[in-house]
Amino acid sequence: MPILSAQNVSLRFSGPPLLDNASFDIEAGDRICLVGRNGEGKSTLLKIIQGEMGMDSGEIVKRTGLKVSRMVQEIPAHMEGTVRDVVMGHIAQDGHHDAHAEAILGKTGIAADALFDGLSGGQKRRVLFARAVAENPDLLLLDEPTNHLDIPAIQWLEGIVSRLECAVLFVSHDRAFVRRTATRIFELDRGRVRAWNYPYDKFVQFRDQALAEEEKANKLFDKRLAEEEVWIRKGIQARRTRNEGRVRALIKMRQERAERRTRTGSVNMQITEAERSGRLVARLTDVSFAYEGAPLISHFSTEVSRGDRIGIVGPNGSGKTTLLKLILGEIQPDEGDIRLGTNLQIAYFDQMRTRLREDKSLVENVGDGQAYITLNGVRRHVLSYLQDFLFSAERARGPISALSGGERNRLLLACLFSHPSNVLVLDEPTNDLDMETLDLLAELLADYNGTVIVVSHDRAFLDSVVTGIFAIEDGGNVFEAVGGYTDYENNRKIREKEAANAARIAEERASLQKNPASGQSGTGKNTVFDQNPAKKKKRSYNEEREYAALPEKIEKLEAEIAEFQAELAKPEVYTDAKRIVELQKELADRESELEKAYERFGELDSLGG
């Protein structure tokens, strides 16, 4: 039995209804992701469910005693008190609740006596999440919970959400997060909520099939309507009594066509490209930079060349934006040298959106007072250009203060892409953008002829866009990895295992040196280590052959894993339980082999050739 049921919920502000007889059920233990285009009303629906906002008609039926808590999308500008005050403030003084709240407070990793207003944006979101969970709800509502969180914090959030016993309904555009947490998908489209009892990738597959069928049916309907319109224009035949039924059917068809709501279109972005830059974009030589005595970047050397696609990752506060500014020459290093290339025309997406002028309309922000702009040699009216970014003429003439977070990011992209560039620098461009727009942005960047440098915590977006990673790690050390974020993560795991093995060996060696007798057998020889360890071992002939063959083996295993994943996604397989079990076993075996292959490659790579 559902713990909450929405029945024919409707709400209209202006224009088409935001919610149009929306109905759905939420069961105990559900983990549901609510998806939809920017501006479709996802946050509004969460507010209605919680009871914070009313509706024009319909009903929300809740199980008796149902407790609902919500984590809001916006971080409050000011909140009094410490982290403990914020998390515990709404908790009834009940021993059970106190213990539960204390447990989630401890999991934030933030000092309980720290002032909330002194925290970073990411830390504040962790505290707000903890407050919502600490209320021990039956239904937890989360609105963009990953915004402003770094990747370790997102992974922390994934772990907690996946283990919660309460039902969870959340809005998120972070595809990796959705894949790891959601068991069902609610799609808000044209005012209706459609429930899909599949995880995200299955939802996308079946949703696309449903949209294709809908388009096909609409085309057949429109063809028949056009034929009937031709018939009615014949006049006398249509007015004969025996044809009145056909006339009534035509009137009904006209009404049905008039009431049809078309799906929100796709953003039609294009980047205005400048002349090519020189081959060298930036060269950093032994660069170091510290803030208030703490090293952010330590002795980093690299070269960024024309056409590179670099992703910068690291925990919040680690210095990602600082590294961006060093690469661009906006700030000077404490040590080292930075050389910039020639003919650089840089377009900079600022995560704080400081370029947007709040007192101006959308048209004025893009056109700088001009009615026309030139894009790749083609003259376009600003209103027409903004329609490519899904802004109506009425919305484009209005103030930007009425825009949602996703709409503001779309506007900033419109401003950015309207000016010629050959270097695109994007600092957290994915916040608040819906998944369809993110896909289009990724495709656009893939076709861009210039250089792309992007800071992002969206792992799926990084994997689809970048070919190299600059990862800021402990002590300001910047690690360079080839590939996307997943490649970096695999490399990091190998390095961590190697470091753990090295630490274990060093500990055993130190223990042996303190107590030599503990490592001796009956032969009197040291069975753990010689007192004088041998020089670093080189690969043997067989190990050299194994080392040379491993890249091909890894590539083959990755290809097989992709094939199994593709087969699992086929509709005919999804209904064959026996085949699903077989494929999942094969997939697990290959993934295990792949992990072992990566580990073995790391072991052999650490040996000399």
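## A walk from the six-stranded sheet outwards

Start with the open sheet of six strands, which run in the order 5-6-7-3-8-9 with mixed pairing. Keep in mind as you click around that this is a predicted model. To find the borders of the sheet, select 68-71 and 192-196: these are strand 5 and strand 9, the edge strands, and each of them pairs on one side only. Look at the twist as well: neighbouring strands here are turned against each other by 20 degrees on average, with direction ignored.

Next, zoom in on residues 139-143 and 167-171. These are strand 6 and strand 7, and they pair in the parallel sense over five bridges. Which residue of strand 7 stands opposite Leu 141? Show side chains and you'll land on Leu 169.

Now bring up residues 42-50. That's helix 1, and it packs on the sheet. Its contacts take in strand 3 (31-35), strand 5, strand 6, strand 7, strand 8 (184-189) and strand 9. Line the helix up with strand 6 and you'll see their directions make about 155 degrees.

Time for the cysteines. How many disulfides does the structure hold? Zero. Pick Cys 33, which is in no disulfide: the nearest cysteine sulfur belongs to Cys 166, and that is 16 Å away. Is Cys 33 buried or exposed? Its relative accessible area is 0%, so Cys 33 is buried. Hop over to Cys 415 and the story is similar: its relative accessibility is 1%, so Cys 415 counts as buried too.

For a change of scene, select residues 485-514, which make up helix 17, and pick out Glu 508 in it. This one counts as partly exposed because its relative accessibility is 33%, between the 20% and 50% cut-offs. Then draw a distance from its C-alpha to that of Ala 77: the two atoms are separated by 53 Å, and the residues lie 431 apart along the chain.

Finally, zoom out to the whole protein. Colour by secondary structure and there are 20 helices and 20 strands to find. The C-alpha trace spans about 115 × 65 × 55 Å along its principal axes. Of the 609 residues, 46% are buried. Switch on the surface and you're looking at about 31100 Å² of accessible area, 49% of it belonging to carbon and sulfur atoms. As for contacts between residues at least 6 apart in sequence, 68% join residues at least 24 apart.

Notes
Residues numbered from 1 in each chain as written. Predicted model: local features only at pLDDT ≥ 70, side-chain atom pairs only at ≥ 80, totals over all residues. Heavy atoms only, no water. Disulfide = S-S within 2.5 Å. Buried < 20%, exposed > 50% of the residue type's maximum accessible area, 1.4 Å probe, protein only. Helix = DSSP H or I, 4+ residues; strand = E, 2+ residues; numbered from the N terminus. Pairing = 2+ DSSP bridges. Axes fitted to C-alpha atoms, helices over the stretch in contact; angles between N-to-C directions. Contact = heavy atoms within 4.5 Å. Areas by Shrake-Rupley, 256 points an atom, 1.4 Å probe, with all protein chains shown as cover.
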